[in-house]
Amino acid sequence: MIVRIMGEGQWTLDDSPLVELNKLDDELLEEMESGDEDGFHRTLGALLDAVRRLGKPLPDDALEPSELILPAPDASLEEVREMLSDDGLIPG
């Protein structure tokens with residue numbers, strides 16, 4: 001799976017980290033629904049860090065279709081709310 005972090009680049013991940021990423025995505029949804037901005041930023045940072053830690057960065061000159069697009073680390077709660085589907089940022 002190719003994951004893009006907006007403003008940073010792309011990472012390739014296998015399916016094994018999806019459980020961890022989905023757990024963080026669920027937490028992010030809860031914090032957004034409750035309006036917990038501090039928790040939202042903390043969890044968004046943890047989600048992006050997990051992609052960086054578990055994935056392998058693609059070269060800057062690679063341009064592959066992304067299966068998953070995540071917001072930039074400095075994205076606001078409202079910006080991320082606009083990106084969400086019913087399943088959150090990560091389908092499944």
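**Exercise 1. Find out how R81 and E78 are placed relative to each other in helix α3.**

Step 1. Start with the helix: R81 and E78 both belong to α3, 3 residues apart, which is about one turn of the helix. Helices here are DSSP runs of H or I with at least four residues, strands are runs of E with at least two, and both are numbered from the N terminus.

Step 2. Now look at the side chains. R81 and E78 form a salt bridge, with 3.2 Å between the closest N and O atoms. The term salt bridge means a side-chain nitrogen of Lys or Arg within 4 Å of a carboxyl oxygen of Asp or Glu.

Step 3. Check the surroundings. E78 is partly exposed because its relative accessible area is 42%, and R81 is partly exposed at 35%. The cut-offs are under 20% for buried and over 50% for exposed, with partly exposed in between (1.4 Å probe, protein chains only).

Step 4. Look across the fold as well: the C-alpha atoms of E78 and M32 are 8.7 Å apart, although 46 residues separate the two along the chain.

A note before you go on: this is a predicted model, in which local features need pLDDT of at least 70 and side-chain atom pairs count only at pLDDT 80 or more, while totals for chains, interfaces and linings use all residues. Residues are numbered from 1 along each chain as its sequence is written, and side-chain values use heavy atoms, leaving out hydrogens and water.

**Exercise 2. Work out which parts of the chain the salt bridges of R52 and E20 tie together.**

Step 1. Recall the general idea: side chains of opposite charge can pair when their charged atoms come close. The count for this model is 4 salt bridges.

Step 2. Take R52, whose side chain meets that of E8 in a salt bridge (2.7 Å, N to O). R52 lies in helix α2 and E8 in the loop between β1 and β2 (9–12), so this pair ties together parts that are 44 residues apart in sequence.

Step 3. Add a partner: E8, D49 and R52 are linked in a network of salt bridges.

Step 4. Turn to E20, which forms a salt bridge with R53, the closest N and O atoms being 2.6 Å apart. Because E20 sits in helix α1 and R53 in helix α2, the pair ties together parts 33 residues apart in sequence.

Step 5. Compare exposure: R53 counts as exposed at 54% relative accessibility, whereas E20 is partly exposed at 32%.

**Exercise 3. Describe the largest nonpolar core and the place of F40 in it.**

Step 1. Begin with the term: a nonpolar core is a set of buried Ala, Val, Leu, Ile, Met, Phe, Trp, Tyr and Cys residues joined through side-chain atoms within 4.5 Å.

Step 2. Find the hubs. The largest core has 19 residues, and F40, V51 and L70 touch the most other members.

Step 3. Trace the contributors: β1 (2–5), α1 (18–34), α2 (37–54), β4 (68–70) and α3 (77–83) each give two or more residues to this core. Helix α2 supplies the largest share, 6 residues.

Step 4. Zoom in on F40. Beyond its neighbours within four places in sequence, F40 is in contact (heavy atoms within 4.5 Å) with L28, E31, M32, A75, S76, L77 and V80.
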